[in-house]
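Ready for a few short exercises at the bench-side screen? Open the model, try each task yourself, and then walk through the solution.

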Amino acid sequence: TDSNGETVENPRHLRKGEERLKQSQRIVSKRKKGGKNRAKARVVLGKRHLKISRQRKDFAVKLARCVIQSNDLVAYEDLRIRNMVRNHNLAKSISDASWYQFRVWLEYFGKVFGKTTVAVPPERTSQECSRCGVIVQKTLSTRTHACQCGCVLDRDHNAARNILGRGLSTVGHTGT
């Protein structure tokens with residue numbers, strides 16, 4: 001979600017191809033070790049993994065290029081993705097979304113097109129109100145931000161506005 005409220009859905013490439021991966025893995029495990037048919041099945045399994053990997057990369061490249069070309073300043077959370085993947089409940093979803101790859105391509109296209117990219121510390125970006133600055137505690141399952149000042153936004157949209165504000169304060173006034 002960006003600061004204008006536009007969201008991009010996660011394509012979930014791994015989740016969609018998971019059934020085929022399971023089938024290929026099952027075939028590999030049934031084949032005799034050291035046999036030619038096992039080697040062929042391993043090649044098929046490798047190609048299925050490669051396809052998913054390439055789908056993730058393609059999506060990350062296209063989205064990062066679009067984001068960079070449509071904005072002069074791109075501010076994003078400086079997430080420790082390696083640490084987040086250690087949580088076994090979220091690891092598959094985080095890896096499937098390819099957050100790190102998207103970040104790498106954002107920085108690359110920022111340099112190529114001469115646009116400013118800023119990594120903002122993620123502390124309290126979704127808890128803080130983007131209008132009045134009051135901290136509103138919420139759990140991860142709460143998807144709507146509702147503040148006492150009357151500000152009611154999607155949680156991700158609120159966080160995106162906070163990230164943009166922090167990014168602008170780091171860079172200073174742009175566009176002059």
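The exercises below go from the whole chain to single residues.

This is a predicted model, in which local features need pLDDT of at least 70, side-chain atom pairs count only at pLDDT 80 or more, and totals for chains, interfaces and linings use all residues. Residues are numbered from 1 along each chain as its sequence is written, and side-chain values use heavy atoms, with hydrogens and water left out.

**Exercise 1. Describe the chain as a whole.**

Step 1: Start with the elements; the chain holds six helices and four strands. Helices (H or I, at least four residues) and strands (E, at least two) are DSSP runs, numbered from the N terminus.

Step 2: Put them in sequence order, which gives α-α-β-α-α-α-β-β-β-α.

Step 3: Look at the dimensions. The C-alpha trace spans about 65 × 40 × 25 Å along its principal axes. The radius of gyration is 20 Å, where a compact globule of 176 residues would have one near 16 Å. This radius is taken over C-alpha atoms, and the globule rule is 2.2 Å times the number of residues to the power 0.38.

Step 4: Check burial. Of the 176 residues, 27% are buried; buried means under 20% relative accessible area, exposed over 50%, and partly exposed in between (1.4 Å probe, protein chains only).

**Exercise 2. Find Val 28 and describe its surroundings.**

Step 1: Val 28 sits in helix α1.

Step 2: Val 28 counts as buried, because its relative accessibility is 5%.

Step 3: Now go to Val 67, 39 residues away along the chain; the C-alpha atoms of Val 28 and Val 67 are 41 Å apart.

**Exercise 3. Compare the settings of two residues with positive phi.**

Step 1: Recall the background: most residues other than glycine have a negative phi.

Step 2: Take Ser 98, which is not a glycine and has a positive phi of about 50°. Ser 98 lies in the loop between α4 (91-97) and α5 (99-113). With a relative accessible area of 10%, Ser 98 is buried.

Step 3: Turn to Arg 124, another residue other than glycine, whose positive phi is near 60°. Its loop runs between β2 (116-120) and β3 (144-146). Arg 124 is partly exposed, since its relative accessible area is 41%.

**Exercise 4. Place Arg 31 in the fold.**

Step 1: Arg 31 belongs to the loop between α1 (13-30) and α2 (36-70).

Step 2: A relative accessible area of 37% makes Arg 31 partly exposed.
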